[in-house]
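Biologist: Please take a close look at one part of this model. I would like the side-chain contacts and the surface around them.

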Amino acid sequence: MILLLVIAFFIFQTFILLCCVAAGDDASSQEISDQEQMEFIQEWKKAHHR
């Protein structure tokens, strides 16, 4: 019974990993992520500039 739960857990984790990999390969989502990071860095620099 425990072995079955462990196998199910690893199958579920593999599914999540594959979904994350697939989402990371999308060029448009990567571009949006890059833009959000640049905006965050610019706002952080404005707030912390001496």
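Modeller: Here are the aromatic contact, the patch around it and the charged contact. This is a predicted model: local features need pLDDT of at least 70, side-chain atom pairs count only at pLDDT 80 or more, and totals for chains, interfaces and linings use all residues. Residues are numbered from 1 along each chain as its sequence is written, and side-chain values use heavy atoms, with hydrogens and water left out.

Start with the rings. There is one aromatic pair (ring centres of Phe, Tyr or the six-membered ring of Trp within 6.5 Å). F9 and F10 form this pair, with 5.4 Å centre to centre and 70 degrees between the planes. That makes the pair edge-to-face, since planes over 60 degrees apart count as edge-to-face, under 30 as stacked and the rest as tilted. F10 sits in helix α1 (residues 2-24), helices being DSSP runs of H or I with at least four residues. F9 is partly exposed at 47% relative accessibility; the class lies between buried (under 20%) and exposed (over 50%), with a 1.4 Å probe and protein chains only.

Both rings belong to a nonpolar surface patch. I2, V6, F9 and F10 make this patch, of about 420 Å². Patch residues have over 30% relative accessible area and no salt bridge, and nonpolar side chains are joined within 5 Å.

Now the charges. The structure holds one salt bridge (Lys or Arg side-chain nitrogen within 4 Å of an Asp or Glu carboxyl oxygen). E43 and K46 make this bridge, at 3.8 Å from N to O. They are three residues apart in helix α2 (residues 27-48), so about one helical turn separates them. E43 is partly exposed at 49%, whereas K46 is exposed at 62%.

Methods:
Helix = DSSP H or I, 4+ residues; strand = E, 2+ residues; numbered from the N terminus. Patch = residues over 30% accessible without salt bridge, like charges linked within 9 Å, V, L, I, M, F, W, Y side chains within 5 Å. Areas by Shrake-Rupley, 256 points an atom, 1.4 Å probe, with all protein chains shown as cover.
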